[in-house]
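User: Please take a close look at the aromatic residues of this protein and at their surroundings. A connected account would be preferred to a list.

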Amino acid sequence: MTIQPEVLIEFQDIVLAIKHAELRRFEAVYAGLKDKFFGSHLNQLDILKREAAAVCAEIVVSKWLGLKLALRINTFHQEADLGDDIEVRCVVDPKRELVIRPNDNYGRRFVLVHIGKNKGKIIGWIWGYEGMIDDYKANPNGKGEAWFVPQSRLYGMDSFKQCKKGEQ
């Protein structure tokens, strides 16, 4: 049976997410980075909301796995979001795919989390190298190719904890 755990997002998690999202945005702007994937159609407040949702997703996964929350700033793909090899991806639309970008580390595990009003639902996970296949490659907004892994291709979280590199 495939499990998709739901984790409560508490008030203090939201406060932490907002503060950390502000720090991440400040660092990105200070470093002169442009986020071509969020798109120029979004204003800074909308980008901040998306970043806060992404931080909430990291909080959800860390709570479920019982891992120390890292909330890294200014690492820009050099370090994993959690632990040594866990990248967390967030969607607010429960039907969206897990997105892997060309500058992501293919040897890491990618976890997809849907963020709702007061909870996060962990949809599933996949190894980067399993998701970076031609079948999933697309450029839907004309701003660069990425891999859009359908939720139906993700492993359930019941297989995550006991998984070792190279296994599902």
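Analyst: In this predicted model, Trp-127 is buried, with a relative accessible area of 0%. Trp-125 is buried as well. The rings of Trp-125 and Trp-127 form an edge-to-face pair, with 6.0 Å centre to centre and 75 degrees between the planes. Trp-127 also pairs with Tyr-129, and here the arrangement is stacked: the centres are 5.9 Å apart and the angle between the planes is 15 degrees. Trp-127 therefore takes part in a stacked pair while being buried, its relative accessible area lying under the 20% cut-off. Its partner Tyr-129, by contrast, is partly exposed, because its relative accessible area of 34% falls between the 20% and 50% limits.

These two pairs belong to a wider group. One aromatic cluster is formed by Trp-125, Trp-127, Tyr-129, Tyr-155 and Phe-160, and the count of aromatic pairs in the model comes to 4. Phe-160 has a charged neighbour in addition: the charged end of Arg-109 sits over the ring of Phe-160, 4.2 Å from its centre.

The largest nonpolar core is the next feature to consider. This core holds 35 residues, of which Val-61, Val-111 and Val-113 touch the most other members. Two or more residues each are given to the core by α2 (44-65), β2 (86-91), β3 (98-100), β4 (109-115), β5 (119-127) and β7 (146-149). The largest share, 7 residues, comes from α2. The surroundings of Val-113 show which residues meet at this point. Beyond its neighbours within four places in sequence, Val-113 is in contact with Ala-57, Val-60 and Val-61, with Val-88, Arg-89, Cys-90 and Val-91, and with Gly-120, Lys-121 and Ile-122.

Two of the strands that contribute to the core, β3 and β7, are also found in an open sheet. Its 3 strands follow the order β3-β7-β6, with antiparallel pairing. β3 and β6 (137-138) stand at the edges; each has a single partner strand, so one side of each is left without a neighbour in the sheet. The antiparallel strands β6 and β7 are joined by 2 bridges. A further tryptophan appears at this junction, since Trp-147 in β7 is the bridge partner of Lys-137.

Key: Residues numbered from 1 in each chain as written. Predicted model: local features only at pLDDT ≥ 70, side-chain atom pairs only at ≥ 80, totals over all residues. Heavy atoms only, no water. Core = buried A, V, L, I, M, F, W, Y, C linked by side-chain atoms within 4.5 Å. Buried < 20%, exposed > 50% of the residue type's maximum accessible area, 1.4 Å probe, protein only. Helix = DSSP H or I, 4+ residues; strand = E, 2+ residues; numbered from the N terminus. Contact = heavy atoms within 4.5 Å. Phe/Tyr/Trp six-rings, centres within 6.5 Å; stacked < 30°, edge-to-face > 60°. Lys NZ or Arg CZ within 6 Å of the ring centre and 35° of its normal. Pairing = 2+ DSSP bridges.
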